[in-house]
Amino acid sequence: YSPARGRIQVGAEREGSCARVWVADEGIGISPSDQESIFEPYVRTRAAEEQATGHGLGLFVARELVKAQRGRMWVESEPGRGSRFFFTVPLAPT
């Protein structure tokens with residue numbers, strides 16, 4: 001959902017006994033009222049439908065995979081200012 005030549009950043013860091021990973025874009029952003037529903041199957045925002053194709057399964061599948069690893073996934077975003085998706089998963093015991 002980033003514009004042509006827009007930047008996408010990926011990062012990771014240790015957060016206690018978990019790894020926290022994020023992906024940030026400079027795209028259309030997501031309104032606060034839509035931020036939880038985008039993780040439901042077949043849900044796409046109106047702005048997303050106008051800009052890209054898809055079935056609305058990607059974020060649902062990603063969150064389910066993270067949950068299966070005892071992690072969590074969320075988004076921080078503002079319309080017109082891009083989005084930052086995060087997930088945490090437990091690190092393997094050392």
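# Exercises on loops, a patch and salt bridges

Tyr-42 is placed in the loop that runs between β2 (18-24) and α1 (46-51), where helices (H or I, at least four residues) and strands (E, at least two) are DSSP runs numbered from the N terminus. The structure is a predicted model, in which local features need pLDDT of at least 70 and side-chain atom pairs count only at pLDDT 80 or more, while totals for chains, interfaces and linings use all residues. Residues are numbered from 1 along each chain as its sequence is written, and side-chain values use heavy atoms, with hydrogens and water left out.

**Exercise 1.** Describe the backbone and the exposure of Tyr-42, and then do the same for Arg-70.

*Solution.* Begin with the backbone of Tyr-42, whose phi is positive, at about 65 degrees, although this residue is not a glycine. Next take its accessibility: Tyr-42 counts as exposed because its relative accessibility is 61% (buried is under 20%, exposed over 50%, partly exposed in between, with a 1.4 Å probe and protein chains only). Then turn to Arg-70, which is likewise not a glycine and has a positive phi of about 65 degrees. Arg-70 sits in the loop between α2 (58-68) and β3 (72-77), and with a relative accessible area of 67% it is exposed.

**Exercise 2.** Identify the residues that form a nonpolar patch on the surface with Tyr-42, and place Val-61.

*Solution.* The partners of Tyr-42 in the patch are Leu-57, Val-61 and Leu-65, and together the four residues have about 400 Å² of accessible area (Shrake-Rupley method, 1.4 Å probe). Patch members have over 30% relative accessible area and no salt bridge, nonpolar side chains being joined within 5 Å and like charges within 9 Å. Val-61 belongs to helix α2, and its relative accessibility of 41% makes it partly exposed.

**Exercise 3.** Locate Ser-17, and give the separation of its C-alpha atom from that of Pro-90.

*Solution.* Ser-17 is found in the loop between β1 (9-15) and β2, and at 53% relative accessibility it counts as exposed. Although Ser-17 and Pro-90 are 73 residues apart along the chain, their C-alpha atoms are separated by 5.9 Å.

**Exercise 4.** Work out how many salt bridges there are, and characterise the pairs formed by Glu-13, Arg-63 and Lys-67.

*Solution.* Apply the criterion of a side-chain nitrogen of Lys or Arg within 4 Å of a carboxyl oxygen of Asp or Glu; the count then comes to 5 salt bridges.

- Glu-13 pairs with Arg-20, their closest N and O atoms being 2.4 Å apart, and Glu-13 is partly exposed, with a relative accessible area of 36%. A network of salt bridges links Glu-13, Glu-15 and Arg-20.
- Arg-63 meets Glu-36 at 2.7 Å, N to O. This pair links distant parts of the chain, 27 residues apart, with Arg-63 in helix α2 and Glu-36 in the loop between β2 and α1. Arg-63 has a relative accessible area of 13% and is therefore buried.
- Lys-67 meets Glu-64 at 3.2 Å, N to O. Because these two residues are 3 residues apart in helix α2, about one helical turn separates them. Lys-67, with a relative accessible area of 46%, is partly exposed, and Glu-64, at 35%, is partly exposed as well.
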